[in-house]
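I opened a fresh page for this structure and meant to go from the whole chain down to single residues. These are my notes on what I looked up.

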Amino acid sequence: MDWLSALIMGIVQGLAEYLPISSSGHLEICRDLLGLELSGAESLEFDVMLHVATVLSTIVVLWSEFKPLCISFFTFRRDDNFRYVLKILVSCIPVAIVGLCFKDVIEGFFGGGLGIVGVCLCITAVLLSFAYFTRTRPEENGKAPRGRDITMLDAFIIGCSQAVAVLPGLSRSGTTIATGILLGDRREEVARFSFLMVIIPILGEALLDLKKMVGGDVAAATGGEIGWLPMLVGFLASFVVGCIACRWMLNIVKKGKLVWFAAYCLVMGIICIVTAF
């Protein structure tokens with residue numbers, strides 16, 4: 001992989017991580033268009049590095065909310081922020097189980113062509129459409145639809161949807177936000193929770209990669225054939241674009257405009273399926 005390909009993929013990741021169009025799916029599409037031939041393990045390692053960049057952009061954009069959560073949790077304050085972090089931890093349980101027990105299976109879906117991406121994009125379109133037409137109809141009389149705070153049970157269910165969304169083409173943000181909306185939670189609260197809940201799983205995966213590097217498995221930890229320069233370029237591009245896209249997405253979700261992304265996912269999904277077959 002050269003630095004230009006890495007730059008393109010970093011920009012795509014920065015945009016697609018926050019927009020409900022599946023970052024992993026679009027990275028697969030980019031790999032196909034750019035003619036990159038990487039193994040499933042190498043593709044997954046590079047994707048994780050790009051996701052770490054967008055996680056850091058999340059922390060930067062939501063720093064005013066992230067900092068109080070950390071302070072309350074690590075000082076064991078029994079306040080709302082402490083309970084909010086507990087909800088995030090509960091949401092991480094399903095994806096942790098999937099990541100620890102089924103990582104080899106997950107790697108098999110990466111670098112495997114556009115067929116699975118197309119199907120998953122269509123599923124994302126259905127989820128977003130269903131969430132929009134059942135919970136996020138246009139405002140009536142100037143008032144937005146009411147919603148509730150996220151409960152512990154909601155957090156676990158949203159976490160289950162995040163675990164399923166590891167498949168390329170199934171949007172993590174789109175799936176988790178749609179799930180929260182369908183549960184009756186407030187749109188803006190679901191978007192905030194969706195962006196914060198991914199921090200722990202992604203950083204956990206990055207720490208496992210770092211462990212490989214320290215243990216001497218440098219090829220696995222750096223994507224093997226990818227190289228350090230493309231990794232750095234992709235990381236920086238993903239971070240900068242992610243900072244912009246995160247703010248944009250929070251405003252989009254608040255206004256309930258997810259249906260337009262459903263249409264986009266459907267079109268892209270059909271194109272991927274036709275291309276694959």
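The entries below begin with the overall make-up and end with one helix.

Entry one, the whole chain. I noted before anything else that this is a predicted model. I then looked up the secondary structure, and found that the protein chain has 14 helices and 0 strands, so that, by the way helices and strands are assigned here, the pattern along the sequence is α repeated from start to end.

Entry two, burial and surface. I read that 51% of the 277 residues in the protein chain count as buried, and that the chain exposes about 13,000 Å², with carbon and sulfur atoms supplying 69% of that area. When I turned to contacts between residues at least 6 apart in sequence, I found that 81% of them join residues at least 24 apart.

Entry three, the cores. Which residues touch the most other members of the largest nonpolar core? I found I177, F193, L196, M249 and L258, in a core of 50 residues. I also wrote down a second, separate core of 11 residues, which includes V12, C30, L50 and I226. As a general reminder, nonpolar side chains in soluble globular proteins tend to be buried together.

Entry four, F193 and helix α8. Setting aside neighbours within four places in sequence, I listed the contacts of F193 as Y84, K87, I88, S91, I150, A155 and I158. Helix α8 covers residues 152–164, and its buried residues include A155 and I158, along with D154, G159, S161, Q162 and A163. I checked the span of α8 as well: its 13 residues reach 19 Å from first C-alpha to last, close to the 18 Å expected.

Methods. Residues numbered from 1 in each chain as written. Predicted model: local features only at pLDDT ≥ 70, side-chain atom pairs only at ≥ 80, totals over all residues. Heavy atoms only, no water. Core = buried A, V, L, I, M, F, W, Y, C linked by side-chain atoms within 4.5 Å. Buried < 20%, exposed > 50% of the residue type's maximum accessible area, 1.4 Å probe, protein only. Contact = heavy atoms within 4.5 Å. Helix = DSSP H or I, 4+ residues; strand = E, 2+ residues; numbered from the N terminus. Areas by Shrake-Rupley, 256 points an atom, 1.4 Å probe, with all protein chains shown as cover. Expected span 1.5 Å × (residues − 1).
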